[in-house]
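Visitor: Could you walk me through this model and tell me what stands behind each term you use?
Guide: Gladly; here it is.

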Amino acid sequence: MQRKAIYRDDEFEIRPLDVSEAPALCEAVQSSLNEIGRWETWCTESFSLEDASNFLQFAETDWAAKNSFNFNIIAIKTGLIVGAVAINCINHRNQMANVGYWVRTDHTRRGIAVLAAKTIVRFAFDRLGLTRLEIVMQEGNLGSQRVAEKLGAQFETLARHRLVYRGEPRAAKIFSLIPEDIISA
């Protein structure tokens, strides 16, 4: 599958990750520790340039193996990484995967996460041929929940011990999307 931008308008571009973007990715993560770190284990004060580089290299390998597809959300005018969106945990046999997204703190509440999530959902259904997507978030992550709801995702359950956060099992809400949800939206 060709690695090219899947969305572009006057403000944002959503494009595959590139290993050269490690410094910008590290800065984006570091600028959002308080908000993203509350929900994501990888987002810590110790997240370093080396961590960013390792993640980007892993993401390229995973893309080649068709195990996940990660994209940065780039502000056109500044070139700033304002967030990321991904299809991951792909189960090819059952044609399903997870949707993940985050937006740096100084760019939240602008509809960027919804735009990116809509884009990646269409990519997953139209280009990858998936038939079910799940959005899994820790209970209490209201920002992520609002994005899922704005996408038209259906709340399915509150699953006990569904995620592990810094060594502790946590309950998670599971929302789902199927292609018909997008057609009717």
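Visitor: How many helices and strands are there in the chain?
Guide: The chain has 6 helices and 8 strands. Helices here are DSSP runs of H or I with at least four residues, strands are runs of E with at least two, and both are numbered from the N terminus. Starting at the N terminus, the order is β-β-α-α-α-β-β-β-α-β-α-β-β-α.

Visitor: Good. And what should I keep in mind about the model?
Guide: This is a predicted model, in which local features need pLDDT of at least 70 and side-chain atom pairs count only at pLDDT 80 or more, while totals for chains, interfaces and linings use all residues. Residues are numbered from 1 along each chain as its sequence is written, and side-chain values use heavy atoms, with hydrogens and water left out.

Visitor: Why is the chain called as compact as a globular protein of its length?
Guide: The globule rule, 2.2 Å times the number of residues to the power 0.38, is set against a radius of gyration taken over C-alpha atoms. For 185 residues the rule gives 16 Å, and the radius of gyration of the chain is 16 Å, close to that value, so the chain is as compact as a globular protein of that length.

Visitor: Why is Val 99 called buried or exposed?
Guide: Buried means under 20% relative accessible area, exposed over 50%, and partly exposed in between, with a 1.4 Å probe and protein chains only. Val 99 has 5% relative accessibility, so this residue counts as buried. Val 99 belongs to strand S5. Across the chain, buried residues make up 44% of the 185 residues.

Visitor: What does Val 99 touch, leaving out residues up to four places away in sequence?
Guide: With contact meaning heavy atoms within 4.5 Å, Val 99 touches Ala 86, Ile 87, Ile 120, Val 121, Leu 133, Glu 134 and Ile 135. Val 99 and Ile 120 are 21 residues apart in sequence, yet their C-alpha atoms are 7.7 Å apart.

Visitor: What makes a set of residues a nonpolar core?
Guide: Its members are buried Ala, Val, Leu, Ile, Met, Phe, Trp, Tyr and Cys residues, joined through side-chain atoms within 4.5 Å. The largest such core has 35 residues, and Ile 87, Tyr 101, Leu 133 and Ile 135 touch the most other members. Helix H4 gives the largest share, 10 residues. Another core, of 17 residues, lies apart from this one and includes Leu 17 and Ala 22.
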